[in-house]
Amino acid sequence: MPDDKDLQLLHKRLLELAKRSYNNNMYTFTSFLGLSEQQAFFQIQRDVEYAGYSMEGGSPLCERKMIRFGTPDMLGYEEAYPIQCLRIVPQAPKFAENLSHRDFLGAIMNLGIERDTLGDIFVNDKEAVVFCIDSIAGYLIENLERVRRTRVKCMAAEVTEELRSPVTEQISLSVSSARIDTVVSKLYNVARSQSLELFRSGRVYVNGRLTENNSYALKTGDAVTVRGFGRFAYTGEQGETRKGKIRVGIEIYR
């Protein structure tokens with residue numbers, strides 16, 4: 001979570017955007033918010049519901065999202081989120097380095113780009129897809145020429161089918177219960193004490209919301225993010241083993 005001062009500033013900014021949207025009969029948008037900042041929004045959610053809101057990151061897979069205050073029903077018209085999808089590819093793929101998320105993010109921010117203008121970055125081998133606020137897209141297309149030692153080109157792109165529909169691996173786990181700490185411990189092969197620490201340190205989110213309740217019973221359709229480990233969806237119980245444990249279905253996001 002942001003510290004107390006940053007939290008107060010964020011709350012104030014969100015309240016102002018909601019008020020401006022409602023009073024001026026117009027849509028207003030936040031910058032991209034990470035999971036901890038989205039949690040700060042949920043703390044004041046009831047205070048801004050009068051304005052109506054929705055959240056979008058550019059793809060169903062995105063965790064970093066913008067909040068849009070105002071709805072078509074309330075305002076009588078639609079306005080798209082100011083999000084642009086960009087594709088970054090090596091100019092000479094044969095000689096390109098294997099680049100990581102950190103490499104792409106670092107190269108972009110070295111151009112003087114603020115983090116809150118960037119959404120998620122999806123890396124596939126030596127390429128990346130980046131979501132950003134549309135006002136900086138042209139600057140990135142013109143100026144992003146290198147990631148580490150690899151020369152690249154940056155271009156506007158459409159959201160691919162792979163980013164519209166998550167690529168997942170379906171597995172089954174044998175667990176004593178569908179408690180979230182039990183499933184997290186089994187799935188990521190961590191000790192129960194380490195699993196509990198993930199909850200205490202605010203690294204576990206269910207359906208985009210921070211949860212510190214390690215005994216929460218997972219429900220079919222729950223999407224879980226464990227920061228530093230990954231994301232998965234809980235697909236429900238599949239039966240009982242001979243030893244009296246239950247089998248549960250998990251879809252791991254790849």
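**View 1. Elements around the largest pocket of the predicted model.** The lining of the largest pocket draws at least two residues from each of α2 (35–43), β4 (83–90), β5 (118–124), β6 (127–133), α7 (161–164), β12 (223–226) and β13 (230–240). Strand β5 provides the largest share of this lining, with 5 residues.

**View 2. Centre and composition of the largest pocket.** The largest pocket holds about 1,100 Å³ of space. Its lining comprises 34 residues, and those closest to the centre are His101, Asp120, Ile121, Phe122 and Val123. Sorted by class, the lining of the largest pocket contains 14 nonpolar, 8 polar and 12 charged residues.

**View 3. The second largest pocket.** About 240 Å³ of space lies in the second largest pocket. Among its 18 lining residues, Leu35, Lys65, Asn207, Gly208 and Arg231 lie nearest the centre. Two or more lining residues come from each of α2, β10 (204–206), β12 and β13. The lining of the second largest pocket has 11 nonpolar, 4 polar and 3 charged residues.

**View 4. An open sheet of 5 strands with a helix packed on it.** The strands follow the order β5-β6-β4-β8-β7, with antiparallel pairing. Strands β5 and β7 (146–147) form the edges, each pairing on one side only. Within the sheet, β4 pairs with β8 (residues 150–156) in the antiparallel sense over 5 bridges. Ile88 has Cys154 in β8 as its bridge partner. Helix α5 (residues 101–109) packs on the sheet and touches β4, β5, β6 and β7. The direction of helix α5 makes about 135° with that of β5.

Notes. Residues are numbered from 1 along each chain as its sequence is written. This is a predicted model: local features need pLDDT of at least 70, side-chain atom pairs count only at pLDDT 80 or more; totals for chains, interfaces and linings use all residues. Side-chain values use heavy atoms; hydrogens and water are left out. On a 1 Å grid over the protein atoms alone, a cavity is a set of points where a 1.4 Å probe fits but cannot get out, and a pocket is an open set with protein on both sides within 12 Å along at least five of seven lines; lining residues have an atom within 4 Å of a point. Grid points are joined across faces, edges and corners, and a volume is the space filled by probe spheres set on the points. Helices (H or I, at least four residues) and strands (E, at least two) are DSSP runs, numbered from the N terminus. Ala, Val, Leu, Ile, Met, Phe, Trp, Tyr, Cys and Pro count as nonpolar, Asp, Glu, Lys and Arg as charged, and the others, Gly among them, as polar. Two strands pair if DSSP finds at least two bridges between them. Contact means heavy atoms within 4.5 Å. Axes are lines fitted to C-alpha atoms, for helices over the stretch in contact, and angles run from 0 to 180 degrees between N-to-C directions.
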